[in-house]
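Reader: I should like a close look at a single part of this model, namely the metal sites and what lies around them. Please treat it as one connected account.

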Amino acid sequence: MIDLHSHTSESDGTFSPAELIAEAQRVDVRTLAITDHDTFAGFDRAKELAREAAIELICGIEISTKLMGQSVHLLGYFPRRDRLGELRHWIAKIQTARRERNTRLAARLRALGVDVTLEEVEARGRGMTGRPHFAQILVEKGYVGSLQQAFDDYLDQSAKGYVDRREPQFAEAAAKIRGADGIASLAHPIRVIGDVSAMMPELRGAGLNAIEAYHSDHSVQDTQTYLRIACDHGLLVTGGSDFHGAAKPGVELGTGRKKNLRIPEDLLAYPHWRCTGL
Ligand code: AMP
Ligand code: FE
Ligand code: FE
Ligand code: ZN
């Protein structure tokens, strides 16, 4: 099997890089991309282990971007890894902005009466501490009953604890990925608000060159829709489970939710999706 979208504990997944490689071996995923949010640390730690396990590991990343007022996730894939220097530098700046946001978020929550410090949140999230780690602490300390409630009551954009984070514009992130010889793929397009097909000329113009037609949140019909869009706009097709371990219960590596994910084995062998049959 092939799975081009997964997260480790270096971002908001619960499996360490070593555990993710072991899981890929267990479920027979032979080609795996690690696409942690805003960091290559998981990939860096897994690379050698993947080689030992004879798993083809593809270097990837998932970047949260701003596009016309919404937050859109962009996947970057770097099958050749020789031009990542500038991108790593740019990502370090995103991490600095994230840390600064986390400082303000901890202060804001304390002002709302929550007993939380930046240090205890960073002890969990390390290099990629984010709102999901704040949510865990809100649950553990009994302020809310679930991770979802933590977002609804405190952390969501519409909630009382929300503080803004400077996210890169979609076009900037796409340009950085393409500038590193990467493939820029629109992640889980089902979550994009609006007519994705109508947005495509603009996104293509910004450098997007792939779409994640296969994803564990997509129905068979959704996948067909996005394959059609790939065909109409000349995009490559990518696919993955978006595995996060226990942070996303019910989503399995390689097979998604209750085996709803069937990613063609030849996805990478035929990068230019052939429109026949659609
Ligand atoms: P951050 O990048 O730290 O702002 O956190 C963003 C992450 O929080 C996303 O990738 C999601 O995993 C999670 N998240 C954001 N909004 C919600 C929400 N309303 N409900 C549940 N999880 C959310
Ligand atoms: Fe995530
Ligand atoms: Fe995402
Ligand atoms: Zn993801």
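Author: What follows takes the metal ions in turn, then the bound ligand, and then the aromatic contacts. The model is a predicted one.

The zinc ion (ligand 4) is held by four protein donors: NE2 of His5, NE2 of His7, an OE atom of Glu62 and an OD atom of Asp242, at 2.1 to 2.2 Å. Along the chain, these donors follow the spacing H-x1-H-x54-E-x179-D. The four donor atoms subtend angles of 79 to 174 degrees at the zinc ion (ligand 4), and the arrangement is therefore irregular. A tetrahedral assignment would require all angles to lie between 85 and 135 degrees. Of the zinc donors, His5 and His7 are both buried.

The iron ion (ligand 2) lies 4.5 Å from the zinc ion (ligand 4). Its protein donors are Asp12 through OD, His37 through NE2 and His244 through NE2, and they lie 2.0 to 2.3 Å from the iron ion (ligand 2). In sequence these donor residues are spaced D-x24-H-x206-H. The two histidines link distant parts of the chain: His37 belongs to the loop between β2 and α2, His244 to the loop between β7 and β8, and 207 residues separate them. Both side chains are classed as buried, since the relative accessible area of His37 is 10% and that of His244 is 5%; the class requires a value under 20%. A further metal, the iron ion (ligand 3), is 5.4 Å from the iron ion (ligand 2).

Two of the iron donors recur in the surroundings of ligand 1. Asp12 and His37 both belong to its environment, together with Arg98, Arg101, Gly130, Arg131, Pro132, Gln148, Phe151, Asp156 and Arg165. Several polar contacts can be specified within this group. A polar side-chain atom of Arg131 is 2.7 Å from an oxygen atom of ligand 1, and an N or O atom in the side chain of Arg165 is 3.1 Å from an oxygen atom of ligand 1. Asp156, by contrast, places a polar side-chain atom 2.9 Å from a nitrogen atom of ligand 1.

The aromatic contacts may now be added to this picture. Two aromatic pairs are found in the whole structure. In one of them, the ring centres of Phe15 and Phe243 are 4.9 Å apart and the planes meet at 85 degrees, so the geometry is edge-to-face. Phe15 is located in the loop between β1 (2–3) and α1 (17–27), and Phe243 in the loop between β7 (236–240) and β8 (251–252), so this contact ties together parts that are 228 residues apart in sequence. The partners vary in their accessibility: Phe15 is partly exposed, at 21% relative accessibility, whereas Phe243 is buried, at 3%.

The other pair, Phe40 with Phe78, is also edge-to-face, with 5.9 Å between the centres and 75 degrees between the planes. Here, too, distant parts of the chain are linked, 38 residues apart: Phe40 is in the loop between β2 (31–34) and α2 (41–52), and Phe78 is in the loop between β4 (70–77) and α3 (85–111). Phe40 and Phe78 are both buried. One further ring contact involves a charge, with Lys160 lying over the face of Tyr154 at 4.8 Å from the ring centre.

Conventions:
Residues are numbered from 1 along each chain as its sequence is written. Chains are lettered from A and ligands numbered from 1 in the order in which they are written. This is a predicted model: local features need pLDDT of at least 70, side-chain atom pairs count only at pLDDT 80 or more; totals for chains, interfaces and linings use all residues. Side-chain values use heavy atoms; hydrogens and water are left out. Donors are N, O and S atoms within 2.8 Å of the metal (3.2 Å for Na, K and Ca); water is not among the atoms, so sites may look incomplete. Four donors count as tetrahedral if all angles lie between 85 and 135 degrees; four count as square planar and six as octahedral if opposite donors are over 155 degrees apart and all others between 65 and 115; anything else is irregular. Buried means under 20% relative accessible area, exposed over 50%, partly exposed in between (1.4 Å probe, protein chains only). Rings of Phe, Tyr and Trp (its six-membered ring) pair if their centres lie within 6.5 Å; planes under 30 degrees apart count as stacked, over 60 as edge-to-face and the rest as tilted. Helices (H or I, at least four residues) and strands (E, at least two) are DSSP runs, numbered from the N terminus. A charge sits over a ring if NZ of Lys or CZ of Arg is within 6 Å of the ring centre and within 35 degrees of the ring normal. A residue is near a molecule or strand if one of its heavy atoms lies within 4 Å of it. A polar contact is a pair of N or O atoms within 3.5 Å; within protein, one must be able to donate a hydrogen and the other to accept it, and residues adjacent in sequence count only if both atoms are side-chain atoms.
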